[in-house]
Amino acid sequence: MNEDDKQAAQPDEEQPTDPVTADQSGETLEGDTEQRTPEELSAALEAAEARAQENWSEYLRARAEMENLRRRSEKDVAAARQQSLEKLAGELLAVKDSLEMGLKAAQEENADAARLAEGSELTLRMFDQALDKFSIEAIDPQGERFDPERHEAMTAQETADYEPNTVVTVIQKGYRIGERLLRPARVIVSKAPTDSGDGA
């Protein structure tokens, strides 16, 4: 084995750390802290307190803005509700006027039944138009499949004229506003006739 091979086979020895360099590094790190005077530390503390106070003030302003927004929203909702009620009341007052006129005409000695019926039909149309303006729709499920979400079954009737669970009679119409149910339709529902035979 030649001299070069011997040198290659020998493991690398760890180089000792220069204590002077380490001491100098430590002195430098310690010097960063030691170089800050009490006045500088006090100034840094005051700056941190100022930032904290500014953040707190911003939080309070944001909180006040959110509270004001909530109050404005509640006020707008209340105003919109009041406006809707006023519109509905205006439509209903016209219907009330028509009903009063019909009642007055019916109390006359020579009341004409045909004219009274015509007036009642006119009043009913006025009322239906008022409901339409507010998206209030009637639920009249005659002949439809019974729907427990929109119908209320008052009783069941045996019949062979309808499929079981079909609305055969509407006792009282239901109403809804948009997709919201105001009241269900009260109905009579069909059921299969009972076999009266003796099975012979």
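These notes go through the predicted model point by point, from overall layout to single residues.

1. Overall layout. The protein has four helices and six strands. Their order from the N terminus is α-α-α-α-β-β-β-β-β-β. The helices therefore precede the strands in the chain, with elements taken as DSSP runs numbered from the N terminus.

2. Burial and surface. Of the 200 residues, 11% count as buried. The accessible surface comes to about 16,500 Å². Carbon and sulfur atoms account for 51% of that surface.

3. Contact range. Take the contacts between residues at least 6 apart in sequence. Of these, 62% join residues at least 24 apart.

4. Nonpolar core. The largest nonpolar core has seven residues: Ile139, Phe146, Val167, Val170, Ala185, Val187 and Val189. Strand 3 (167–172) and strand 6 (185–191) are the elements that each give two or more residues to this core. Strand 6 gives the most, with three residues. As background, nonpolar side chains tend to be buried together in soluble globular proteins.

5. Ile139. This core member touches a broad list of partners beyond four places in sequence, including Arg150, His151, Leu181 and Arg183. Lys173, Gly174, Tyr175 and Arg176 are also among its contacts. Ala185, another residue of the core, is one of the residues that Ile139 touches.

6. Strands 1, 4 and 5. Strand 1 (residues 136–139) pairs with strand 4 (residues 174–177) in the antiparallel sense, over four bridges. Ile136 has Ile177 of strand 4 as its bridge partner. Strand 4 also pairs with strand 5 (residues 180–183), again antiparallel, over three bridges. Here Arg176 is matched with Leu181 of strand 5. Strand 4 thus takes part in both pairings.

7. The hairpin. Strands 4 and 5 form a hairpin with two residues between the strands. Gly178 takes a positive phi near 65° in this hairpin.

8. Ser190. Is this residue of strand 6 buried or exposed? Ser190 counts as buried because its relative accessibility is 3%, under the 20% cut-off. Its contacts beyond four places in sequence include Gln157, Thr159, Tyr162 and Glu163. Pro164, Asn165, Thr166 and Val168 are on the list too.

9. Asn165. This contact of Ser190 lies in the loop between strand 2 (151–158) and strand 3. Its phi is near 70°, a positive value in a residue other than glycine. Asn165 counts as partly exposed because its relative accessibility is 31%. The backbone here merits a look in the viewer.

10. Ser135. A positive phi also occurs at Ser135, at about 60°, although this residue is not a glycine. Ser135 sits in the loop between helix 4 (113–133) and strand 1. With a relative accessible area of 42%, Ser135 is partly exposed.

11. Surface patch. Which residues form a nonpolar patch on the surface? They are Trp56, Tyr59 and Leu60, with about 320 Å² of accessible area together. Leu60 belongs to helix 3 (residues 38–106). Leu60 counts as partly exposed because its relative accessibility is 38%, which lies between the 20% and 50% limits.

Methods: Residues are numbered from 1 along each chain as its sequence is written. This is a predicted model: local features need pLDDT of at least 70, side-chain atom pairs count only at pLDDT 80 or more; totals for chains, interfaces and linings use all residues. Side-chain values use heavy atoms; hydrogens and water are left out. Patches are made of residues with over 30% relative accessible area and no salt bridge: like charges are joined within 9 Å, nonpolar side chains (Val, Leu, Ile, Met, Phe, Trp, Tyr) within 5 Å. Accessible areas come from the Shrake-Rupley method with a 1.4 Å probe; for residues, only the protein chains shown count as cover. A salt bridge is a side-chain nitrogen of Lys or Arg within 4 Å of a carboxyl oxygen of Asp or Glu. Buried means under 20% relative accessible area, exposed over 50%, partly exposed in between (1.4 Å probe, protein chains only). A nonpolar core is a set of buried Ala, Val, Leu, Ile, Met, Phe, Trp, Tyr and Cys residues joined through side-chain atoms within 4.5 Å. Contact means heavy atoms within 4.5 Å. Two strands pair if DSSP finds at least two bridges between them.
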